[in-house]
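Biologist: I have the sequence and the model open. Please take one part and look at it closely, then tie it to the rest of the fold.

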Amino acid sequence: MATLTVSKAEEARVKALGFFSNKGTDNFSGRVITKNGKVSAEVLRNVAEAAERFGNGEVLVTTRLTLECPGIPFENIEPFMNFLAEKGLETGGSGKRVRPVVSCKGTTCQYGLIDTYDLSEKIHDEFYTKWHDVNLPHKFKIAVGGCPNNCVKPNLNDLGVIGARVPAINLDKCKSCKKCAVEAVCPVGAAKLVDGTMVVDYDKCINCGRCIEKCYFKAMDTQKQGYKVYVGGRWGKQISHGKLLGKIFTDEAEIMKTIEKAILFFRENGNFGERFAVTVERVGFDKVEKELLSDDILLRKDEILAREF
């Protein structure tokens, strides 16, 4: 195994720029930021060229849907960054701050209930880019999912947004069919015919919306469409399932404001080095939810952002 010659100080410096040491060598993986994993063919060509010029020619996709080019010698880090900058690309994605946003393909997926690409790009621009210099107690991960299939596991992120569609029943249109298409399609058994009448168990319903288009007589309609928000999730050595805020959000601007309030709450209440899941558990979800569903914390924004870690 080769002896590392890059100093720990230099290794820490370039890690903050998005370069991670390759085990047993003096080489690094350079992390190229994407807004949500969706990139153009031109971006892929530019990253591939950078990998060939400055790394070992390989490109990896991370679990956060960023791109990494491994095998970059230390002396190639700056040229690698300069080449990417000329193409409008950047490295990063490390440190105690908001991390690159993850999104599923809900915009194009048949099950998608929201435009996940559009929302995740707005979240990235606002909270990864504009808040990049805001230090937090620990990293803060955000994921946007189009439906309760949870393909990108929003409820295992520090904050997760999931598309939601709440069904409504029009009993005047229900024909009490012997073979009910709504009952057949419900993935969790929340919609059932009981004594010939359609009933939805809203405590069991996951708001996937699959039942709404299935009734041949249009007995199912949309009561509310919007977003669910989970806070305090994480995965890894320790796993915490995010807790659901007690409302369906119907306005995108409200989602952006809620994310801002969550980050501010973490900065105000989190202890240095602890994840948001630990903060939520320590402070108590009831208090967290109360803060995130009101605007009081926004009145303290300047004070919170002035806090030093």
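Modeller: Start with the open sheet of four strands, in the order 1-2-4-3. This is a predicted model. The pairing in this sheet is antiparallel. Its edges are strand 1 (19-21) and strand 3 (60-61), and each of these pairs on one side only. Inside the sheet, strand 2 (residues 27-32) and strand 4 (residues 67-73) run antiparallel and are joined by five bridges. To find the register, look at Asn-27, which stands opposite Pro-73 in strand 4. Helix 1 (residues 8-15) lies across strand 1 and strand 2. The direction of helix 1 is at about 140 degrees to strand 1.

Now the other open sheet. Five strands form it, in the order 5-6-7-10-11. Here the pairing is mixed. Strands of a sheet pair through backbone hydrogen bonds, in a parallel or an antiparallel sense. At the edges sit strand 5 (102-103) and strand 11 (243-244), each paired on one side only. Strand 7 (residues 159-169) pairs with strand 10 (residues 220-231) in the antiparallel sense, over 11 bridges. One landmark here is Gly-163, whose bridge partner in strand 10 is Tyr-227. Helix 4 (residues 116-129) packs on this sheet. Helix 4 touches strand 5, strand 6 (142-145), strand 7 and strand 10. The directions of helix 4 and strand 6 make about 165 degrees. Helix 6 (residues 252-269) lies across strand 6, strand 7 and strand 10. Helix 6 runs at about 20 degrees to strand 10.

Next, the loops that join these strands. Asn-157 is in the loop between strand 6 and strand 7. Is Asn-157 buried or exposed? Its relative accessibility is 1%, and the cut-off for buried is under 20%, so Asn-157 counts as buried. Leaving aside neighbours within four places in sequence, the contacts of Asn-157 include Lys-141, Ile-142 and Ala-143. Val-152 is another contact of Asn-157. Asn-157 also touches Gly-232, Gly-233, Arg-234 and Trp-235. Arg-64 is in contact with Asn-157 too.

Ser-240 lies in the loop between strand 10 and strand 11. Ser-240 counts as buried because its relative accessible area is 17%, against a cut-off of 20%. Beyond its neighbours within four places, Ser-240 touches Asn-155 and Leu-156. Ser-240 also contacts Gly-232, Gly-233 and Arg-234, residues that are contacts of Asn-157 as well. Ala-277 is a further contact of Ser-240. Ser-240 and Glu-281 are 41 residues apart in sequence, but 9.6 Å apart in space, C-alpha to C-alpha.

Glu-289 is in helix 8 (residues 285-292). Glu-289 is buried, since its relative accessible area is 18% and the cut-off is 20%. Outside its neighbours within four places in sequence, Glu-289 contacts Leu-244, Leu-245 and Gly-246. A polar atom of the Glu-289 side chain lies 2.7 Å from the backbone nitrogen of Gly-246. Glu-289 and Thr-63 are 28 Å apart in space, C-alpha to C-alpha, and 226 residues apart in sequence.

One pair of strands remains. Strand 8 (residues 191-194) and strand 9 (residues 197-200) pair in the antiparallel sense over four bridges. The bridge partner of Lys-192 in strand 9 is Val-199. These two strands form a hairpin, with two residues between them. Within the hairpin, Asp-195 takes a positive phi near 55 degrees.

Then the empty space. The structure holds two cavities of 30 Å³ or more. The largest cavity has about 140 Å³ of space. Sixteen residues line the largest cavity; closest to its centre are Cys-174, Cys-177, Cys-180, Val-182 and Cys-215.

Last, the whole chain. The secondary structure comes to nine helices and 11 strands. The C-alpha trace spans about 75 × 45 × 35 Å along its principal axes. Of the 309 residues, 47% count as buried. Among contacts with a separation of 6 or more, 66% come from residues 24 or more positions apart.

Terms used
Residues numbered from 1 in each chain as written. Predicted model: local features only at pLDDT ≥ 70, side-chain atom pairs only at ≥ 80, totals over all residues. Heavy atoms only, no water. Buried < 20%, exposed > 50% of the residue type's maximum accessible area, 1.4 Å probe, protein only. Contact = heavy atoms within 4.5 Å. Polar contact = N/O pair within 3.5 Å; in protein donor to acceptor, adjacent residues only side chain to side chain. Pairing = 2+ DSSP bridges. Axes fitted to C-alpha atoms, helices over the stretch in contact; angles between N-to-C directions. 1 Å grid on protein atoms, 1.4 Å probe; cavity = no way out; pocket = protein on both sides within 12 Å on 5 of 7 lines; lining within 4 Å. Points joined across faces, edges and corners; volume = space filled by probe spheres on them.
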